[in-house]
Amino acid sequence: MPKKILVISGSPVKNGNTATLVNWFAKGIRAKGAKIEIINAAFLKYKANGCISCRQCQKTDKYECVINDDAQPVLAKMNEAEVIVMATPLYFYGPSAQLKLVMDRMFSLFKWDNKNDTMTTRLTGKTFVLIASAYENIGLKDLERPFAITADYAGMKFKSLLVPNAGESGEVKKIPGIQAKAIAFGQKLG
Ligand SMILES: Cc1cc2nc3c(=O)[nH]c(=O)nc-3n(C[C@H](O)[C@H](O)[C@H](O)COP(=O)(O)O)c2cc1C
C-alpha cells in the first residue's frame, strides 16, 4: 500500500510561495510512489469561524467534528493519513488565519477524560510536518513551536521545512537551491 500523505495548505495566494514549496515537496513525495492529496484551506466553505468550543465531539466515540461543513472531511482525512503536512506563509509570526481555522477544529480528533486525566487520539504514531515561508528572517522558529508541541502532545513525529527570506509571493523561486531542497524533503517523507 502506498503511503498516504495529506497536505493542508493555508495560503490564499494560489501560485505563491506556499503553493510553490508544496508543489516541489509533492514532486519528491510522488517520486517515492506515495499518495499525496493537497487541500487548500483558504478555499473551503465553513459554517463556523474555527472551533466554536461546543464540546459535542467529546460526547461521542467518533473522532470527528459535529459541524457539517468543508472542514469535516479534511479532519476525517487527517485520521487516515500517515503524514499530515500543514503549509503556511508566516502571518504576523503565526500561521495564516485560513490554516488556523482548520487547526482548531482538530480538537475533535482528540478525546479527553479529565476525570482520569487521559487523552487519546488516532494521530499518535503519524508524522506531522510544517512547511512555512516568510519575507524576513525573523519568526519562523516561533511559528514552528506550536506545531512541534502539538506533534509532541499527540505522539507524532515532527519535521519542518522553514524558508526565510522568501520574498513576496512567487519570489521563493529565486532562492538558490530551494527547489532541490524542497523535493529532497518530500523524498525523505515519501
Ligand atoms: C497578512 C500578511 C502578514 C505577513 N506577516 C509576515 C511576517 O510577520 N513576517 C514575515 O517575514 N513575512 C510576513 N509576510 C510575508 C509572507 O509570509 C511571505 O511573503 C510568504 O512567503 C508568502 O507566501 P504566499 O505567497 O504563499 O502567500 C506577511 C504577508 C501577509 C500577506
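These legends go with a set of close-up views of one predicted model.

**View 1. The open sheet, strand by strand.** Five strands make up this open sheet, in the order 2-1-3-6-7, and their pairing is parallel. At the edges sit strand 2 (35–40) and strand 7 (157–163), each with a pairing partner on one side only. On average, neighbouring strands here are turned by 15° against each other, direction ignored. Helix 1 (residues 17–31) packs on the sheet and touches strand 1 (4–9), strand 2, strand 3, strand 6 and strand 7. Its direction makes about 165° with that of strand 2.

**View 2. Strands 3 and 6, with helix 4 lying across.** Here we zoom in on strand 3 (residues 83–89) and strand 6 (residues 127–133), a parallel pair joined over 7 bridges. To get your bearings, look for Val 85, which stands opposite Val 129 in strand 6. Helix 4 (residues 140–154) lies across strand 3, strand 6 and strand 7. Relative to strand 7, helix 4 runs at about 165°.

**View 3. Ser 133 and its neighbours.** Ser 133 belongs to strand 6. Is Ser 133 buried or exposed? Its relative accessible area is just 5%, so it counts as buried, the cut-off being under 20%. Leaving out residues up to four places away in sequence, Ser 133 touches Asn 17, Thr 18, Leu 21, Thr 88, Pro 89, Leu 90, Leu 140, Val 163 and Ala 166. One of these contacts, Pro 89, turns up again in the next view, among the residues closest to the centre of the largest pocket.

**View 4. The largest pocket.** This pocket has a volume of about 310 Å³. Its lining takes in 17 residues, and the closest to the pocket centre are Pro 89, Leu 90, Tyr 91, Ala 134 and Tyr 135. Sorted by class, the lining has 9 nonpolar, 7 polar and 1 charged residues.

**View 5. The second largest pocket.** Next up is a pocket holding about 210 Å³ of space. Its lining is made of Pro 95, Lys 100, Met 103, Asp 104, Met 106, Phe 107, Phe 110, Trp 112, Pro 146, Phe 147, Thr 150 and Tyr 153. Helix 3 (97–105), strand 4 (110–113) and helix 4 are the elements that each give two or more residues to this lining. Which element gives the most? That would be helix 4, with 4 residues. The class split for this pocket is 9 nonpolar, 1 polar and 2 charged.

**View 6. A closed cavity.** How many cavities of 30 Å³ or more does a search of the whole structure find? The search turns up 1. About 100 Å³ of space lies in the largest cavity. Around this space you'll find Cys 51, Ile 52, Ser 53, Cys 54, Arg 55, Cys 57, Cys 65, Val 66, Ile 67, Arg 105, Phe 107 and Ser 108. By class, the cavity lining divides into 8 nonpolar, 2 polar and 2 charged residues. Phe 107 is one of the residues lining this cavity, and Phe 107 is also in the lining of the second largest pocket.

**View 7. Tyr 93, out in a loop.** Tyr 93 sits in the loop between strand 3 and helix 3. Its phi is near 70°, a positive value in a residue other than glycine. With 46% relative accessibility, Tyr 93 counts as partly exposed. Residues up to four places away in sequence aside, Tyr 93 touches Glu 136, Ile 138, Gly 139 and Leu 143. From Tyr 93 to Glu 144 the C-alpha to C-alpha distance is 9.7 Å, although the two are 51 residues apart in sequence.

**View 8. The hairpin of strands 4 and 5.** Strand 4 and strand 5 (residues 118–121) run antiparallel and are joined by 4 bridges. Lys 111 stands opposite Thr 120 in strand 5. Between the two strands of the hairpin there are 4 residues. Asp 117 lies in this loop and has a positive phi of about 55° although it is not a glycine. Is Asp 117 buried or exposed? Asp 117 has a relative accessible area of 70%, so it is exposed, the cut-off being over 50%.

Definitions and conventions: Residues are numbered from 1 along each chain as its sequence is written. This is a predicted model: local features need pLDDT of at least 70, side-chain atom pairs count only at pLDDT 80 or more; totals for chains, interfaces and linings use all residues. Side-chain values use heavy atoms; hydrogens and water are left out. Two strands pair if DSSP finds at least two bridges between them. Axes are lines fitted to C-alpha atoms, for helices over the stretch in contact, and angles run from 0 to 180 degrees between N-to-C directions. Contact means heavy atoms within 4.5 Å. On a 1 Å grid over the protein atoms alone, a cavity is a set of points where a 1.4 Å probe fits but cannot get out, and a pocket is an open set with protein on both sides within 12 Å along at least five of seven lines; lining residues have an atom within 4 Å of a point. Grid points are joined across faces, edges and corners, and a volume is the space filled by probe spheres set on the points. Ala, Val, Leu, Ile, Met, Phe, Trp, Tyr, Cys and Pro count as nonpolar, Asp, Glu, Lys and Arg as charged, and the others, Gly among them, as polar. Buried means under 20% relative accessible area, exposed over 50%, partly exposed in between (1.4 Å probe, protein chains only).
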